[in-house]
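Work through the exercises below with the model open. Each task is followed by its solution.

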Amino acid sequence: MSKLYITGRKRLNGAVKVQGAKNSALPILAATALCKGESVIYNCPVLSDTEASLMTLRYLGCRAERSGNTVIVRNDGLRRSDIPDSLMRKTRGSVVFLGAVLAAEGKAKICLPGGCDIGIRPIDMHIKALRKLGAVIKERRGCLDCRVPHGLKGCEIALPFPSVGATEDIMLAACTADGTTTITNAAREPEIGDLADFLNRCGAQISGAGEGTVIIDGVNELKGCAHAVIPDRIVAATLISCAAVTGGDITLKGVIHSHLGAVVSVFEDAGCAFKADGNELRIKAPERLEPMKLIRTMPYPGFPTDAQAPVLAAAAVADGTTVFIENIFENRYRHAAELARMGADIRTEGKLAVVEGVPRLYGAAVEATDLRGAAALVAAGLCCEGKTEISGVKYLERGYEDFEQKLAALGAEIVKL
Ligand code: EPZ
């Protein structure tokens with residue numbers, strides 16, 4: 001099992017291209033199961049999560065080939081409508097294959113998805129919405145047997161919470177349903193808009209994506225298309241955090257500033273200076289960060305829950321106190337205990353984390369237990385006195401493409417062995 005070894009306190013400098021968004025690539029790859037013919041997906045990051053999606057597409061009967069960051073999916077009709085537990089458990093993103101396969105085949109058999117252990121992560125909203133669209137879903141021993149005896153019919157769906165996955169699942173199921181589907185209280189994340197752009201390019205009729213109410217007029221068929229995935233705003237936020245803890249000066253290339261508003265605002269409060277220029281964003285950090293005071297994670301466009309862990313690592317060395325309120329997931333502070341091994345002063349209780357910034361963290365042997373928690377440990381390792389050894393690198397590889405190489409190119413002393 002690989003480990004990451006970091007010798008801290010090296011200032012980050014230089015420019016780095018931000019990878020394509022994992023949480024956009026996953027639903028778009030699932031959507032190709034619903035689109036006949038060839039789809040070409042550009043800027044698709046090479047991650048264990050995206051590779052899991054390619055394995056699922058091949059299992060279903062599609063041809064899925066990768067050349068660098070370009071993925072070509074050839075779908076001449078699915079051969080199967082079931083997805084085995086071994087594939088479903090690889091990532092949470094697999095759940096949206098349900099909507100796609102159900103729409104494509106009129107039936108689907110999946111087990112509950114995997115994903116990072118940051119909470120129970122039920123899919124009750126997905127199931128309730130698909131039933132309203134006409135699916136008959138039997139739940140047994142953690143698996144779902146779904147059929148649509150009378151086809152999928154458009155309807156009004158009011159989500160109790162703007163769930164990203166539920167919004168995506170409904171969009172996929174409703175694209176070729178009979179009639180119009182309206183999703184109110186839909187998720188507004190940029191990845192929703194990117195999925196809608198892909199589907200519309202394939203012939204779907206979706207409007208309002210990203211605005212909270214999404215309207216999908218069912219069409220007969222979707223045909224594959226070419227599409228470039230948007231940049232990963234959470235990887236961008238993580239790189240900002242890595243620069244910020246090292247007093248660095250880096251330029252992010254290929255970002256969409258409007259996706260980063262809540263994160264930039266937090267780091268501006270902490271004393272960082274930003275300069276936006278086209279699709280580039282330069283961050284200059286002070287010698288030591290000011291505290292961010294209060295950070296509440298919220299659905300987009302609020303502060304993203306996925307940035308909480310790497311930003312908490314930055315707060316751990318700020319000159320004062322920062323309070324975090326994690327409103328999205330119930331178990332998303334597991335990185336706090338590992339950061340404490342490095343000398344961080346963090347107290348957590350339920351949704352709350354109180355971080356007293358300390359002048360210095362010290363290298364230690366720490367263990368990642370989820371994707372964004374792994375990113376937090378890397379950020380912390382970059383500003384530690386001495387050497388840090390991080391195990392659980394597989395979690396980082398779920399969402400960060402060649403991350404240690406990119407950090408090394410910016411001046412970090414980091415290696416994966
Ligand atoms: C997506 O997860 C992302 N994953 C997550 O990123 C991200 O943290 C999350 O959206 C919120 O932005 C992917 O896109 C693959 P939700 P998802 O449905 O769809 C509850 C990362 O680090 N809920 O918006 O699972 C749920 O338990 C990952 O890249 C229900 O109760 O998130 C959670 O508390 C982590 N019932 C809240 O809603 C449901 O049916 C938000 O979940 C669905 C969700």
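**Exercise 1.** Sort the residues of the shell around the ligand into nonpolar, polar and charged.

Solution. The model is predicted: local features need pLDDT of at least 70, side-chain atom pairs count only at pLDDT 80 or more, and totals for chains, interfaces and linings use all residues. Residues are numbered from 1 along each chain as its sequence is written, and side-chain values use heavy atoms, with hydrogens and water left out. Start with the count: 23 residues surround the ligand (a heavy atom within 4 Å). The closest are D124, M125, S163, D306 and I328. The shell splits into 10 nonpolar, 6 polar and 7 charged residues, with Gly counted as polar and Asp, Glu, Lys and Arg as charged.

**Exercise 2.** Which polar contacts hold R92, S163 and V164 to oxygen atoms of the ligand?

Solution. Use the cut-off for a polar contact: a pair of N or O atoms within 3.5 Å. Take side chains, then backbone. An N or O atom in the side chain of S163 is 2.7 Å from a ligand oxygen. For the side chain of R92, the distance is 2.8 Å. V164 uses a backbone N or O atom, at 2.9 Å.

**Exercise 3.** Why does the ligand lie between domain 1 and domain 2?

Solution. Domain 1 (4-19 + 231-416) and domain 2 (22-228) both supply shell residues, so the ligand lies between them. The bounds come from an automatic or database domain assignment.

**Exercise 4.** Find the unusual backbone geometry at N43 and at the bond between Y300 and P301.

Solution. Recall the background: most residues other than glycine have a negative phi, and most peptide bonds are trans. Phi of N43 is positive, near 60°. Y300 and P301 are joined by a cis peptide bond, with omega about 10°.

Note on methods:
A polar contact is a pair of N or O atoms within 3.5 Å; within protein, one must be able to donate a hydrogen and the other to accept it, and residues adjacent in sequence count only if both atoms are side-chain atoms.
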